[in-house]
Amino acid sequence: MLAQVCSLPVPALPLEAIRHYVALQRDLDDFIAVAVRSALDRGVDWPDISALTSVSASSLKSRYSKTQVARVVQNRRQRRPTPVPSAAPGSVALGESPILPEATEPRRLDRSRDALARALSHMHRYSGTSVRTTARWAGISPSYAYRIMSGERCPSWPRVQGFARACDTDPGDLFELWSAANGVPPDSPDQPHERALARFTGALRGMHLARARPPLTSLADKLGNISASELRTIATVLADPSSTGASTLSWTATAALTKALQGDVARTRRLWQAVQQAVPGPISASLAD
């Protein structure tokens, strides 16, 4: 990353390399602190850690006490980027940039931002292109591309769209992840069927992408007793963004898939309900968890 930033023919970018160095060093300091405490919790003794790190046991005990490491973890959480204020959910088209709400839930946003960052990172990996090339096609700097893929920055919707297109991916697969990362609630149930279905399908595909697109066979234990026909429908929806099969999924199958992919069940439920209410003769299914 540092070598790539330094090689760019833009005079100001070498400073980016220094910023990356400082951020990486800070991450390494956090990592060793948590790694030491984890090793101790698993039965490793201070002398063993001292021999490996060439630091005296007394210094290690002072530097990596439970209190000190707890403070490291707390400080790291506080360094998370502040939510970008901005998006009115009801009237936003996929090509627009919404205005996000001012008040949000920090813990939920952290999880949602992590999901978006993972999805962007996996999406880039599947594209097979370099970060530099992808960034150029997306109209952003390589350093910013690294930051949004690591979760250090939460990109605007136009930036997400550009990044998705540069990776040859439908931006709709990321819209719900982006909305959740910015605290934007799903659309109201009163909306056209095509829009509701597109949002629901994109949400399922986005959750799948955020978990590195695991095959359904690897999720069998978590999917429970979903029927073979619904499993085939899920497989089709996850493979083909133009599929309309998501409208036939029961809530039982949808909830099981959401939990298996560690998604937001409450948010997915609202999206599922919007599809059912927009379709004449909605599918009957229990809304119990």
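Two residues are in contact when they have heavy atoms within 4.5 Å of each other. Keep that in mind as you look at this predicted model. Take the contacts in the chain with a separation of 6 or more: 65% of them join residues 24 or more positions apart. As for the building blocks, there are 15 helices and zero strands. The chain runs to 289 residues, and 43% of those are buried.

Let's start with a pair of helices. Two packed helices are described by the angle between their axes and the distance between the axes. Find α10, residues 172–181, and α11, residues 193–210: they pack at about 80°, and their axes lie 7 Å apart. An angle of 65 to 115 degrees counts as roughly perpendicular, so that is the word for how α10 and α11 sit relative to each other. Who actually meets whom here? On the α10 side you'll find Gly 172, Asp 173, Leu 174, Phe 175, Glu 176 and Leu 177, and on the α11 side Arg 199, Gly 202, Ala 203, Arg 205, Gly 206 and Leu 209. Sort the residues of this contact by class and you get five nonpolar, three polar and four charged.

Now on to α14, which covers residues 251–260. Is this helix mostly covered or not? Mostly covered, with eight of its 10 residues buried. The buried ones are Trp 251, Ala 253, Thr 254, Ala 255, Ala 256, Leu 257, Thr 258 and Ala 260. What do they pack against? Their partners are α11, which you've already met, plus α12 (220–223), α13 (228–239) and α15. After α14 comes Gln 262, which has a positive phi, near 60°.

Gln 262 also leads us to some empty space. Rolling a probe the size of a water molecule over the atoms shows where empty space is left. The second largest pocket has a volume of about 390 Å³. It is lined by 20 residues, and the closest to its centre are Ser 112, Ala 115, Gln 262, Gly 263 and Asp 264. Which helices help build the lining? At least two residues each come from α6 (106–127), α10, α11 and α15 (265–278). The largest share is from α6, with six residues. In terms of class, the lining of this pocket holds eight nonpolar, four polar and eight charged residues.

Pockets are open, but what about closed spaces? The count of cavities of 30 Å³ or more is two. The second largest cavity has a volume of about 40 Å³. Around this cavity you'll find Arg 113, Leu 116, Ala 117, Ile 148, Gly 151, Arg 153, Cys 154 and Pro 155. Helix α6 turns up again, giving three residues, the largest share of the cavity's lining. The class tally for this lining is five nonpolar, one polar and two charged.

One last stop is a proline inside a helix. Pro 158 is found in α9, which spans residues 157–166. Is Pro 158 buried, exposed or partly exposed? Partly exposed is the label for anything between 20% and 50%, and Pro 158 gets that label because its relative accessibility is 40%. You can also look across to Pro 171: it is 13 residues from Pro 158 along the chain, and the C-alpha atoms of the two are separated by 9.7 Å.

How values were computed:
Residues are numbered from 1 along each chain as its sequence is written. This is a predicted model: local features need pLDDT of at least 70, side-chain atom pairs count only at pLDDT 80 or more; totals for chains, interfaces and linings use all residues. Side-chain values use heavy atoms; hydrogens and water are left out. Axes are lines fitted to C-alpha atoms, for helices over the stretch in contact, and angles run from 0 to 180 degrees between N-to-C directions. Helices (H or I, at least four residues) and strands (E, at least two) are DSSP runs, numbered from the N terminus. Angles under 35 degrees count as roughly parallel, over 145 as roughly antiparallel, 65 to 115 as roughly perpendicular and the rest as oblique. Ala, Val, Leu, Ile, Met, Phe, Trp, Tyr, Cys and Pro count as nonpolar, Asp, Glu, Lys and Arg as charged, and the others, Gly among them, as polar. On a 1 Å grid over the protein atoms alone, a cavity is a set of points where a 1.4 Å probe fits but cannot get out, and a pocket is an open set with protein on both sides within 12 Å along at least five of seven lines; lining residues have an atom within 4 Å of a point. Grid points are joined across faces, edges and corners, and a volume is the space filled by probe spheres set on the points. Buried means under 20% relative accessible area, exposed over 50%, partly exposed in between (1.4 Å probe, protein chains only).
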